[in-house]
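Me: I am new to this one. Could we go through it in short questions and answers?

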Amino acid sequence: MLSVDEARERILTSVAPLSAERVPLSQSHGRILAAPLEALRTQPPFDVSAMDGYALRAADAEPGRQLTIIGTSQAGCAFDGTLAAGTAVRIFTGAPLPNGADAVLIQENAERDGDFLTPLAEVKARQNIRHRGLDFQEGDIVFDAGRRLTARDLGLAAGLGHASLPLRRRPTVAILATGDELVLPGEMPGKDQIIATSSTALAVMVEAEGGIAHDLGIARDTVADLKAAIARVRDMRPDVFITLGGASVGDHDLIRQVFEQEGMRLDFWKIAMRPGKPMIFGWFGETPLLGLPGNPVSAQICALLFLKPMLRKLQGRTDLLPSLEVATLASDLPANGPREDYMRATLSEGPEGIAIRPFDVQDSSMTRSLALADALLVRPAHEGEIRAGAPCRFLRLGLSD
Ligand SMILES: Nc1nc2c(c(=O)[nH]1)N[C@H]1C(S)=C(S)[C@@H](COP(=O)(O)OP(=O)(O)OC[C@H]3O[C@@H](n4cnc5c(N)ncnc54)[C@H](O)[C@@H]3O)O[C@H]1N2
Ligand code: MOO
């Protein structure tokens, strides 16, 4: 069995970023830049006043001296002339600085009488002026490719002179649940049935990670139904194909067998992790397949560890891997077996920073403890018994996990 790191490495090295497309700024939030972003203009484009007051020569701002006001400069309408010694121009915040001026005296420090101005304080050269290019200069590279765009970034992009941006295409993800026992949310389960839960959680995760989820519903555990689903996926050509269930060794676990008969190239099956051991990774032509285990906790943890980084790689991001933090264990744990363990746990503020307490029961069918968990405590394979107080690594769960 591969380790989690080896399995993820195999997946990530085999997928490449999708093509780029141009997208209007208003639809670019949360999307990934496909190319470095350059300033198409300089901001401010000219020297402007940072305050309401009077543009003048700093040397003329002698308290008590009388200057002549020769015009006005306001935002959007500059003073055309040139300011000579002994003169001043009424100016407002954001207005172009007149030629010949080198400072702005704020109006609180001046007394005006008709066309005459008496400074009440000195002002230094360059004071209260925003110089041309203070924010950015034409040709500056402001963002690298791979950046996920925030609201702030998009405001800046508008100022740089862009109305649309080159972004990575959003990956499309087809999600197929499998199992005779499943019904869709909202349907009434029959005598031996349960509600399919994982497709809902995975679709949310896909969309939050920038992808477009297509829920293909439920295929029955029959060769015919699985073949029909494969035919749909071939027509659809999604960027990723995900199946849920049927990945293990039971008589009705048909995914690997039927998919291989239908042309899937298997890359690997089984990972040394708990939960999630029987995950499948393969290819239908150009389409990667993640065959997630049926147990819903296993499926969702596999999605967190493998699907999310894959979606990031497809979108050209560079921050692919989940980052782990360190906390203090709040209860003793027995020795771990041969699989890296991802244990649902709660976090709290302890005397020595963050304390982590795993749930007592970790059965991979239990979705309530997954929903209530703050984190997954990550235990290395073969780790010995550990006591309360020991440092351990965890992966924090968020709104879209
Ligand atoms: N003899 C062995 N049995 C099992 C092994 C093994 O190594 N040897 N591995 C176990 C492990 S670990 C896992 S994980 C499961 C995974 O099995 P499958 O991927 O084949 O999943 P299913 O059998 O189809 O379903 C398992 C379980 O999950 C429920 N399920 C399935 N799909 C959904 C869904 N979309 N939403 C909610 N619940 C779902 C299903 O009803 C089953 O209860 O195999 C172990 N067995
Ligand atoms: O590897 Mo399974 O996911 O433990 O239930």
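Reply: Start with a term: helices are DSSP runs of H or I with at least four residues, numbered from the N terminus. Keep in mind that this is a predicted model.

Me: Which helices each supply at least two residues of the shell around ligand 1?
Reply: A residue belongs to such a shell if its C-beta atom lies within 6 Å of the molecule. There are 27 residues around ligand 1, and Gly245, Ala247, Ser248, Pro293 and Gly294 come nearest. The helices that each supply at least two are α3 (198–208) and α6 (296–314).

Me: By class, how many residues in the shell around ligand 1 are nonpolar, polar and charged?
Reply: Gly is counted as polar here. By class, the shell around ligand 1 has 11 nonpolar, 13 polar and 3 charged residues.

Me: Which residues are around ligand 2?
Reply: By class, this shell has 2 nonpolar, 4 polar and 2 charged residues. The names are Arg274, Pro275, Gly276, Lys277, Pro293, Asn295, Ser298 and Ser364.

Me: What is omega for the cis peptide bond from Arg274 to Pro275?
Reply: Pro275 sits in the loop between β19 (273–274) and β20 (280–284). Arg274 and Pro275 are both among the residues around ligand 2. The bond that links them is cis, with omega near -5°.

Me: Which residues does the other cis peptide bond, with omega about -10°, join?
Reply: Look at the loop between β2 (37–38) and β3 (48–49), where Pro44 is found. With omega about -10°, the cis bond joins Gln43 and Pro44.

Me: What distance separates the centres of domain 1 and domain 2?
Reply: Domain 1 covers 4–17 + 169–314, and domain 2 covers 20–43 + 135–168. The chain also has domain 3 (48–130) and domain 4 (325–396). Taken over C-alpha atoms, the centres of domain 1 and domain 2 are separated by 34 Å.

Me: Which residues does the UniProt annotation "domain: MoaB/Mog" cover?
Reply: The annotation comes from an unreviewed UniProt entry. The span it marks is 36% helix and 29% strand, and its end C-alpha atoms lie 17 Å apart. It covers residues 174–313.

Me: Between which domains does the largest nonpolar core lie?
Reply: This core has 61 residues, and Ile242 and Leu376 touch the most other members. α6 gives the most to it, with 12 residues. Two domains both give residues to this core, so it lies between domain 1 (4–17 + 169–314) and domain 4 (325–396).

Me: With which residues is Ile242 in contact, leaving aside its neighbours within four places in sequence?
Reply: Contact here takes C-beta atoms within 7 Å. Leaving those neighbours aside, Ile242 is in contact with Val173, Ala174, Ile175, Leu176, Leu202, Leu290, Leu292 and Leu307.

Me: Is Arg126 buried or exposed?
Reply: Arg126 is found in the loop between β9 (116–119) and β10 (129–130). Its phi is near 75°, a positive value in a residue other than glycine. Because it has 12 C-beta neighbours inside 10 Å, Arg126 counts as exposed.

Me: Why does Arg237 count as partly exposed?
Reply: Arg237 lies in the loop between α4 (223–236) and β17 (240–244). Its phi is positive too, near 50°. It counts as partly exposed because the number of other C-beta atoms within 10 Å is 13.

Me: How far apart in space are Glu325 and Arg393, C-alpha to C-alpha?
Reply: Glu325 is in strand β22 (residues 325–329). Leaving aside its neighbours within four places in sequence, Glu325 is in contact with Phe394 and Arg396. Glu325 and Arg393 are 68 residues apart in sequence, and their separation in space is 5.5 Å.

Terms used
Residues numbered from 1 in each chain as written. Chains lettered and ligands numbered in written order. Predicted model: local features only at pLDDT ≥ 70, side-chain atom pairs only at ≥ 80, totals over all residues. UniProt positions renumbered as here; feature names shortened; annotations may be inferred. Contact = placed C-beta atoms within 7 Å. Domains from an automatic or database assignment. Core = buried A, V, L, I, M, F, W, Y, C linked by C-beta atoms within 7 Å. Buried ≥ 20, exposed ≤ 12 C-beta atoms within 10 Å, placed from the backbone.
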